Amino acid sequence: MALPDVIIVLAAAFATALAALWWLSTNAGRPAAAPPGIDDMSLLFEDGELIHGSDSALTRFALAPGHHQWEDIREALLSRFPEFPRTARHGATGKLTLTAEDGDSPSELRITWRDALCWLHLPQTRAAEEITQETFQKLAALRRASETSPNPAWQTNAAGRIIWHNRAYGALKRKAPADPECGGAALFSTPSPEHPNRVCLRCGDGDKPDWYALTTTTEDNVQVYHATCINAVVAAEEAQRNFVQTLAKTFAHLSIGLAIFDRNGQLALFNPALVDLTALPAPFLSARPTMVSFFDQLRESRRMPEPKNYKNWRQEIAEVIAAATDGRYQETWSLENGQTYSIRGRPHPDGATAFLIEDITAEVTLTRNFRAELEQSQSLLDKLEDGFAVFSASGVLTFCNAAYRDQWKQDPDKSFAEITINDAIRVWQKMSAANPLWPDVAEFVMGRGDRAGWNMPIAPLHGAALTCEISAIASGATLLRFRPTPVGTARPDRSAMPSACDRRQPSN
């Protein structure tokens, strides 16, 4: 080998040795590097806002640049690093190293800053060698799922401090008033005993609160919370309450007693009229009695007819309830004190049943009195010897007395169809001598306007002569009176009788 070649080989070996010595001197005492594919967790903040981060850090703490602040990472690391600064350091160049209280990885936290920039570095150790690329992909998928969820989600440790939350929770927290340093959970109010799974978002004065349904799960001494916005449900419940209050105010002015039983058969709504009509005490009704108890109390207070067989009372009540559920129950109760109640049962949506109790004593009394007066008038007219027949404005026979029925053998109560004036005239014509004035009678009965009364002679085939007096009465009706013609009265001839056309003409 030539001398120049030997010199070149020696120079290369010397340079290699120097490079090796320099590498050993510069890396002495440093921890082992992370395995391939595993990078240290690093986050970069500017004026307290996250602007950049390594994939491992963003995945581990579920953070996103531009959407999270310094306080978000502080909440996640404060339990392990109690001396974590409250705000991002800024100003002159500096650095700070913190050690974790537990032995989990990462065990060290390095914070460096310069001007408005602040770096947060969590170096990986050999324990991270167990993390594979597949694990990182799963963590990334979980981070995307949690960050894109529209519902707030967060986790707290055993001390109640928030150690993680998703983007939806962070957005709500930034809108809400500032809460205490250790109170991330204070973003939502404490659930009320009435609704243990419902929380309210604390908003500023005058703002309408937001309601959320809260679900809680415990895993490895960590409380996992999920909140779902239920503003629509709360608004619907409020609208329902307002509607029920409106109905209650409306029902309060009704004179009809109202009792609505829910699907479980308990009294859900009643009005003051029910208390007045049933004489049941308000505390008893407010205690939401069942249908059976309700009717049993009605029997005890003598506000319903006493059953004939008390042993079958429960069975009868069951039949009443079943009939009301089908909408078939409707009865009239005559009470011992002389009052009369109309009871109706009607089905309502969602299995509810409504009972309406109405005092119809006045109507029943009026009807009875009117019927008694009609019977008395009928009896009085039946005692008269003259026959009376009343035709309505439409020409239908509506009333006649016993003398008329005996004279003409015609009874509208026993007739299947209505008897009109034309039907009656045919009977009169058949049972009397010919008379040219019958069409005038039909025209008078069916006429309108001012009708002057008149009379006409009738010669029955059997019996004494009659005189028919035709008179207009109330409501457009016509009264025909058939009375015996006095002895010695001359029979008027047809030429002497005015025609129907002449009677409609006004006298001069």
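**Reading a pocket lining and its ring pairs**

Modeller: In this predicted model, the lining of the second largest pocket draws at least two residues each from α6 (231-252), β11 (257-261) and β12 (267-270).

Biologist: Which of these elements gives the most to the lining of the second largest pocket?

Modeller: That is α6, with six residues. The lining comprises 19 residues in total, and those nearest the pocket centre are Val 244, Leu 247, Ile 260, Leu 269 and His 348. The volume of this pocket is about 520 Å³.

Biologist: What is the make-up of the lining by class?

Modeller: The lining holds 13 nonpolar residues, alongside two polar and four charged ones. Val, Leu and Ile count as nonpolar, so Val 244, Leu 247, Ile 260 and Leu 269 belong to that class, whereas His is not on the nonpolar or charged list and His 348 therefore counts as polar.

Biologist: Turning to the aromatic rings, how many aromatic pairs does the count come to?

Modeller: The rule gives 15 aromatic pairs. One of them joins Phe 45 and Trp 70, with 5.1 Å from centre to centre and 75° between the planes.

Biologist: Why is the pair of Phe 45 and Trp 70 called edge-to-face?

Modeller: The centres must lie within 6.5 Å, and 5.1 Å meets that; the planes must be over 60 degrees apart, and 75° meets that too, so the pair is edge-to-face. Phe 45 sits in strand β1 (residues 41-46) and Trp 70 in helix α3 (residues 70-77), so this pair ties together parts that are 25 residues apart in sequence.

Biologist: What makes the pair of Trp 70 and Phe 84 tilted?

Modeller: Its centres are 5.2 Å apart and its planes 40° apart; because stacked needs under 30 degrees and edge-to-face over 60, an angle of 40° falls in the rest, which is tilted. This pair also links distant parts of the chain, since Trp 70 is in helix α3 and Phe 84 in the loop between α3 and β3 (91-99), 14 residues apart.

Biologist: Why do Trp 70 and Phe 84 count as buried?

Modeller: Buried requires under 20% relative accessible area; Trp 70 has 4% relative accessibility and therefore qualifies, and Phe 84, at 3%, therefore qualifies as well. Phe 45 is likewise buried. For the chain, buried residues make up 34% of the 508 residues.

Biologist: Which residues do ring pairs link into a cluster?

Modeller: The cluster consists of Phe 391, Tyr 404, Trp 408, Trp 428, Trp 438 and Phe 482, linked by ring pairs.

Technical notes. Residues numbered from 1 in each chain as written. Predicted model: local features only at pLDDT ≥ 70, side-chain atom pairs only at ≥ 80, totals over all residues. Heavy atoms only, no water. Buried < 20%, exposed > 50% of the residue type's maximum accessible area, 1.4 Å probe, protein only. 1 Å grid on protein atoms, 1.4 Å probe; cavity = no way out; pocket = protein on both sides within 12 Å on 5 of 7 lines; lining within 4 Å. Points joined across faces, edges and corners; volume = space filled by probe spheres on them. Helix = DSSP H or I, 4+ residues; strand = E, 2+ residues; numbered from the N terminus. Phe/Tyr/Trp six-rings, centres within 6.5 Å; stacked < 30°, edge-to-face > 60°.
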